[in-house]
Amino acid sequence: MIRTLWLRFIDKIDAPLFALAFALLLLGIITLASAAHETPSRVAGQAASILVALGVMWAVAQFQPQTLMRFALPTYALGLALLVAVALFGDVVNGARRWLNVGLTRIQPSEIMKIAMPLMLAWYFHKHEATLRLRDYFVASLLLAAPVLLIARQPDLGTALLVTAAGFYVIFLAGLAWKILIGLALAACASLPFLWSLMHDYQRRRILTLLDPTSDPLGAGYHIIQSVIAVGSGGLAGKGWLKGTQAHLEFIPERSTDFIFAVFSEEFGLIGNCLLLLLYLLLIGRGLTIAANAPTFFARLLAGSVTLTFFTYVFVNVGMVSGILPVVGVPLPLVSFGGTALVTLFLGIGILMSIHRHRKLVQT
Amino acid sequence: MHLAEFKDHQRELYFFQLRIGIAGIFVLAAFSLLLVRLVYLQVLQYDYYRTKAEDNRISIVPIMPNRGLILDRSGTVLARNYSAYTLEIFPGKVADLEKTIDELAAIIEIRASDRTRFKRLRIEAKGADSLPIRTRLSDEEVAKFAVNRYRFPGVDIQARLFRQYPLNELASHLVGYIGRINERDVQHIEDADLTANYKGTDHIGKTGLEQSYESELHGITGYEQVEVDSGGRGVRTLSRTSPTSGNNLVMTLDIRLQQVAEKAFGENRGALVAIEPATGGILAFVSKPGFDPNLFVDGIDPASWELLNTSPDRPMVNRALAGTYPPGSTFKPYLALGALELGKRTPQQTIHDPGFFQFGNHRFRDDKVGGHGTVDMYKSIVVSCDTYYYVLGNDLGIDNIARIIGQFGFGAKTGIDVEGEATGVLPSQEWKRKRFRKPEQQKWYAGETISIAIGQGYNAYTPLQMAQAMAAIANNGVIYRPHLVNYIENIRSGERALVEPKVARDLKLKPEHIEFIKRALAGVNTEGTGARAFAKAEYTSAGKTGTAQVVALKQNEKYDEKRVAERHRDHALFIAFAPLESPKIALAVVVENAGFGARAAAPVARQVLDYYLLGKRIDKPAAEVPGDDDDD
């Protein structure tokens, strides 16, 4: 009886996906315990967030993809409305207008867009599946551009990047012609100077600093210099858990959130990094497999986009911490401290599970 | 299911899976890039970054030793240390200094003078890691900053030892002061190969004993290996090498005597040096006006500095050490003694003094109109007869005078244990040749010798030299090198390194000559120019008054004290020792622009001798004694 209930309970849970995510969560908690040794409450807080996020994942996994499709337009519209509201009445924290005060708590509407965007575009392409024309890609681009511009204006470069990626992956997987893709890439390169002129000073500085961190060792280059030292000094086997000097002597800024990879790298070395990257690679591979085998156009696009967005998190974060990408606010998925990101990420994993477990139901 | 539709689906799925495959390859490529980067950092560059991390972690923090104290002979503290909190900025770790200071000012009071001082320190103390923006924080201010510390990387509270001079102006020139190490000091430290020992030290002795005994006072710097965070703040101490405190200086100075002497000057400018003849130990070393050495410790504010530096009273000059004055009639006993030794005079030889000495067509006047009549050597000293010395000087010639006077240490550095001593001027033919460039100026004129013989003209000696010469007479011709430090005390071991009295020179004077001069000097205080000042003295003493001309008088012009501007008035001088039979103290007093030595300088000497020999406390300066016998 209990066994049956349990089987019913875990019926929609994809075991490989869950095992990989769980392993990453475990590594995250271990690293966080070291990174946040001065604020142990963060570990407990993260554990609580994990429970909530797993709950969200379970719940989402129960939905049929068709149900998810119905959420697409409303979530997108809500997200866009909230972004406009933030632009108009948002609270300014650390010089950026990202938060919206909704009485009890403050929410970050840009976070909603990370899920709403692929949902919306996947739904849009699915609806026009039979008659896909260039016009549809153009509309999709507009649907993508509007929230991205609002997010970039806040300014929140990291989230803007992730939302753009999520949207772009849908468009790419929907089959946008290669020649247009190449044209877009060229156009993007051409518009770099224009983008540069739109950037805030601190954003420009971060990019310049990436080229030569030593030019400003006490200013913008500090993050990069210190995190690269942390990574490099980890060596092959690392300094050992709780023994990272860069981390424990507070040389690494944001060490429990965006720069947690530096702490991990320092303490577990290249061997640890290989394990971590392997786990990510397997998780992404599982996600792409789910996408490839998904029954509907919507499900494929959504699963593909969610998975590739997850990859984008990893690549941008590790690239930033190891000094090959500019510093943007992107967490290391499932490892960095922070409840909101965790919920968003498990929402995505829940979607993947939903798609995977319901694939036969649609087919027949 | 329709076949065409199925085929279409198959085709669509194929294209999708192709794109997923391409995405997968992209993911693999991106991860490979990350892996390459990580291998580069963690394997190829491992040594480099490991060293970097080590450097990040451990910093060597110097621990300043406690600076030695300066005490008088009976243990009264003249320079000590106290601990206080300062708010310090590490300029290298602060991006925008002005902004940081502005923000600090919102929490803790920072005055305009603090800012200007900080700016000056920035320029002067270039090598320093941190510079104080505020000193002597209150507990409340410390707490206020502590709460806001996280907002100010590169700013921190430091507990520092401050130098304090509890007696303020008293003996200020002698003790001197410490100040921030400037570029010139850094050069000195480097030249002496002491750079390591001065890490963490930001103050150094600038004048007086603080400067001269820097190597004793400073101590040996200790070190601490500290784990620091990125803000440069210590997290954990790994090892510690304790510093060794500097040694204490115990002076020969009697601070109560010093106080009596300084008080005796009242508002007058001048100098006094008192020496223990049998050892050369300095008992009092006065230069008036003084200054408050405490002003200099944190870096003096520009307004006070301006005031001290531009004051016509020149309070920063140590007059006893670096001031030079013509000795006036205090010159006479030395010249007389020299004449006896050379056999140029006997005590009994007399001259007739008509009140002047005619040299060619120039008439050298004596102060006493109509002259002193028949004058022998004893009387020449007791009544301070100028004519006697005009004649004697003329007979001796300038080079003999220079030889005689030079023996007593005039015109040469005494070698006292404090820096900044002036040489003075011992006039001679050779000196003049070297001093001037034009041939007509280089020639010595016989007429010049006449005024040299009464201690005027080119003569210029420090009060220290005058006191040393007096001590030489008191000590029967044996000159001890004057010294200020009695012993140096190692506070750890309690070991005391005594400064042994050192004979600089034994003049090997004939006892009958020295006895005669002593008797004449005693006569000055009993029946001569010093008699009024030493009336009813309860001890025997020897003395000699002197008046040094500041402006040369024209021929036949009588010096009129009231008509001459204050700064051009004569300096009053007095030299003395007591008791006559077994001298315990010898001294020289110069009171600037105070007129006759008997009236202005002798009473100062009397108060000092009274205090030293009788223990009399003199609380108010003695009233000026008007006299009609001021004819030295």
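**Domain layout and interfaces of chains A and B**

The C-alpha centres of domain 1 and domain 2 of chain B lie 63 Å apart. The model is predicted. In the domain assignment of chain B, domain 1 covers residues 3-44 and domain 2 covers residues 59-247. Chain A is also assigned two domains. Domain 1 of chain A is assembled from three segments, 16-34, 42-62 and 215-364. Domain 2 of chain A is the segment 84-201. Here the C-alpha centres of the two domains are separated by 21 Å.

The interface within chain A was examined next. Contacts involve 22 residues of domain 1 of chain A and 21 residues of domain 2 of chain A. About 1900 Å² is buried between these two domains. Carbon and sulfur atoms give 80% of that area. On the side of domain 1 of chain A, three residues stand out: A:Phe297, A:Phe298 and A:Leu301 supply 31% of the area this domain buries against domain 2 of chain A, more than any other three residues.

Polar links between the two domains of chain A were also counted. Zero salt bridges are found across the interface of domain 1 and domain 2 of chain A. Five residue pairs, both members at pLDDT 80 or more, are in polar contact between these domains. Two elements give two or more residues each to the side of domain 1 of chain A that touches domain 2 of chain A: helix 14 (297-321) and helix 15 (339-357) of chain A. Helix 14 of chain A provides the largest share, twelve residues. By class, this side of domain 1 of chain A has 13 nonpolar residues, nine polar residues and no charged residues.

The interface between the chains follows. In chain B, 38 residues are in contact with 53 residues of chain A. The area buried between chain B and chain A is about 3800 Å². Of this, 74% comes from carbon and sulfur atoms. B:Arg19, B:Phe31 and B:Gln42 lose the most area to chain A among residues of chain B. Together they account for 20% of what the chain B side buries.

One salt bridge is found across the interface of chain B and chain A. A salt bridge joins the side chains of B:Glu12 and A:Arg300, with an N to O distance of 3.4 Å. Nine residue pairs, both at pLDDT 80 or more, are in polar contact between chain B and chain A. The elements of chain B that give two or more residues to the side touching chain A are helix 1 (3-44), helix 2 (46-57) and strand 8 (222-228). Helix 1 of chain B gives the largest share of this side, 24 residues. The side of chain B that touches chain A divides into 22 nonpolar, seven polar and nine charged residues.

Aromatic pairing was surveyed over the whole structure. Over all chains, 35 aromatic pairs are found. One of them is formed by B:Trp444 and B:Tyr458. Their ring centres are 5.9 Å apart, the planes make an angle of 55°, and the pair is tilted. This pair links distant parts of the chain, with the two positions 14 residues apart in numbering. B:Trp444 sits in the loop between helix 19 (439-442) and helix 20 (446-452) of chain B. B:Tyr458 lies in the loop between helix 20 and helix 21 (463-474) of chain B.

Key. Residues numbered from 1 in each chain as written. Chains lettered and ligands numbered in written order. Predicted model: local features only at pLDDT ≥ 70, side-chain atom pairs only at ≥ 80, totals over all residues. Heavy atoms only, no water. Domains from an automatic or database assignment. Contact = heavy atoms within 4.5 Å. Buried area = accessible area lost by both parts, 1.4 Å probe. Salt bridge = Lys/Arg side-chain N within 4 Å of Asp/Glu carboxyl O. Polar contact = N/O pair within 3.5 Å; in protein donor to acceptor, adjacent residues only side chain to side chain. Helix = DSSP H or I, 4+ residues; strand = E, 2+ residues; numbered from the N terminus. Nonpolar A, V, L, I, M, F, W, Y, C, P; charged D, E, K, R; others polar. Phe/Tyr/Trp six-rings, centres within 6.5 Å; stacked < 30°, edge-to-face > 60°.
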